[in-house]
Amino acid sequence: MSRRILALILSVVMLFGIIPANVLAVENIAEEAELSYQQAQLVATKAELKDQLAQLQSGKMQLESTLSILKALQNGLNELTQQADAMAAEIDALLQLQYTAQQLEPLRQAMQERLEQIKNDAALTQEQINAAIAEFMSSPEYQEIETQWAQLKVALTAYGIDIEGIEERLQISQEAYRALKERIAAMEESLSQQNISKETLDQQIAEMENNLVQLDQGAAAIQDGLAQIDSGMLQLQDAANLLNQQKENGVAIIFVGEDLDVLIDLCDRILVLCDGKVSGIVDGRKTTKEEVGLLMTKLGGEKEACD
């Protein structure tokens with residue numbers, strides 16, 4: 001015989017010594033403990049869901065802050081890059097002007113020396129000297145060099161310097177350009193770090209959103225389980241009501257079960273079987289779970305335990 005311990009409940013109203021034919025069998029569908037556990041799980045899941053939502057909102061705020069910093073850094077970097085480009089163009093222009101000045105100065109010096117020779121030529125009269133000077137100064141070579149020299153001076157005026165100030169202005173511009181490049185490098189490093197932070201936050205937010213979906217699905221599943229348990233509890237209550245109605249109508253009810261709380265609540269008399277034999281019959285309105293449990297492990301009140 002099966003090792004399962006059975007409790008047989010009899011609520012009998014004898015009619016002419018015969019048990020009526022309409023005998024009901026009811027099975028316990030759900031347990032209070034399972035309902036409490038599921039409710040606790042739902043509370044815990046909702047709490048975790050709330051915590052995840054708070055973390056997600058915090059993460060999104062951090063992301064917005066990081067994006068603002070990134071935007072500011074990018075704008076600053078663009079501005080510095082434009083300044084550096086302008087400074088580099090200025091340095092190139094100054095270098096070109098310096099080169100032009102270095103090429104023209106010896107030529108102008110030679111022409112000035114030639115003019116001095118003409119002026120100091122003792123073999124010429126003053127009229128001849130003037131004519132020679134005029135002729136020399138009207139030569140294409142002289143005119144070309146003087147034109148280039150005048151253009152050079154005009155170009156230097158745009159930088160607020162003369163020919164003698166080219167070298168000093170170049171040094172200042174080159175130092176400023178190096179400082180700009182250092183600032184650009186530092187800003188690019190900050191931009192890189194902020195981009196890494198943004199990528200990390202993006203990943204964390206994606207994970208939190210995925211967790212929220214899973215938690216929401218879990219909460220929905222638990223709520224479905226609770227609904228099923230509630231439905232089972234209602235069915236159990238309906239069954240208990242049916243039992244009581246049938247008892248009041250004089251129907252004999254045989255209820256087989258293992259839940260001692262249910263047995264004691266529903267039954268007038270409880271017949272306990274152990275190892276296929278009757279181990280005791282007790283009054284369901286007076287007995288305790290301890291008494292029934294003891295009978296479930298002993299035969300007819302005997303001391304030896306059931307195998």
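Tyr142 is buried, with a relative accessible area of 7%. In this predicted model, Tyr142 is also one of the buried residues of helix 3, and its ring pairs with that of Phe136. The protein as a whole has six helices and four strands.

**Tyr142 and its aromatic partner**

- One aromatic pair turns up in a search of the whole structure.
- That pair is made by Phe136 and Tyr142, and its geometry is tilted.
- A pair of aromatic rings is described by the distance of the centres and the angle of the planes.
- For Phe136 and Tyr142, the centres are 5.6 Å apart and the planes make an angle of 55°.
- Tyr142 counts as buried because its relative accessible area of 7% falls under the 20% cut-off.

**Helix 3**

- Helix 3 covers residues 140-157, which is 18 residues.
- At 1.5 Å a residue, helix 3 should span 26 Å, and the distance between its end C-alpha atoms is 26 Å, so the two values agree.
- Which residues of helix 3 are buried? They are Tyr142, Ile145, Trp149, Leu152 and Leu156.
- These buried residues lie on the same side of helix 3, because they cover an arc of only 90° around the axis.
- An α-helix has 3.6 residues a turn, so residues three or four places apart point the same way.
- On the face turned away from the buried side, helix 3 carries the exposed residues Pro140, Gln151, Val154 and Thr157.

**Gln98 in helix 1**

- Gln98 belongs to helix 1, which runs over residues 32-119.
- Is Gln98 buried or exposed? Gln98 is buried, with a relative accessible area of 16%.
- With neighbours within four places in sequence left aside, Gln98 is in contact with Ile166, Glu167 and Leu170.

**Asn241 in helix 4**

- Asn241 sits in helix 4, which is made of residues 166-248.
- The relative accessible area of Asn241 is 34%, so Asn241 is partly exposed.
- Asn241 and Leu266 are 25 residues apart along the chain, and 9.5 Å separates their C-alpha atoms.

**The whole protein**

- Along the sequence, the order of helices and strands is β-α-α-α-α-β-α-β-β-α.
- The protein has 307 residues, and 31% of them are buried.
- Among contacts between residues at least 6 apart in sequence, 71% join residues at least 24 apart.
- About 20000 Å² of the protein is exposed, and carbon and sulfur atoms supply 52% of that area.

Technical notes
Residues numbered from 1 in each chain as written. Predicted model: local features only at pLDDT ≥ 70, side-chain atom pairs only at ≥ 80, totals over all residues. Heavy atoms only, no water. Helix = DSSP H or I, 4+ residues; strand = E, 2+ residues; numbered from the N terminus. Buried < 20%, exposed > 50% of the residue type's maximum accessible area, 1.4 Å probe, protein only. Contact = heavy atoms within 4.5 Å. Areas by Shrake-Rupley, 256 points an atom, 1.4 Å probe, with all protein chains shown as cover. Expected span 1.5 Å × (residues − 1). Arc of directions from axis to C-beta. Phe/Tyr/Trp six-rings, centres within 6.5 Å; stacked < 30°, edge-to-face > 60°.
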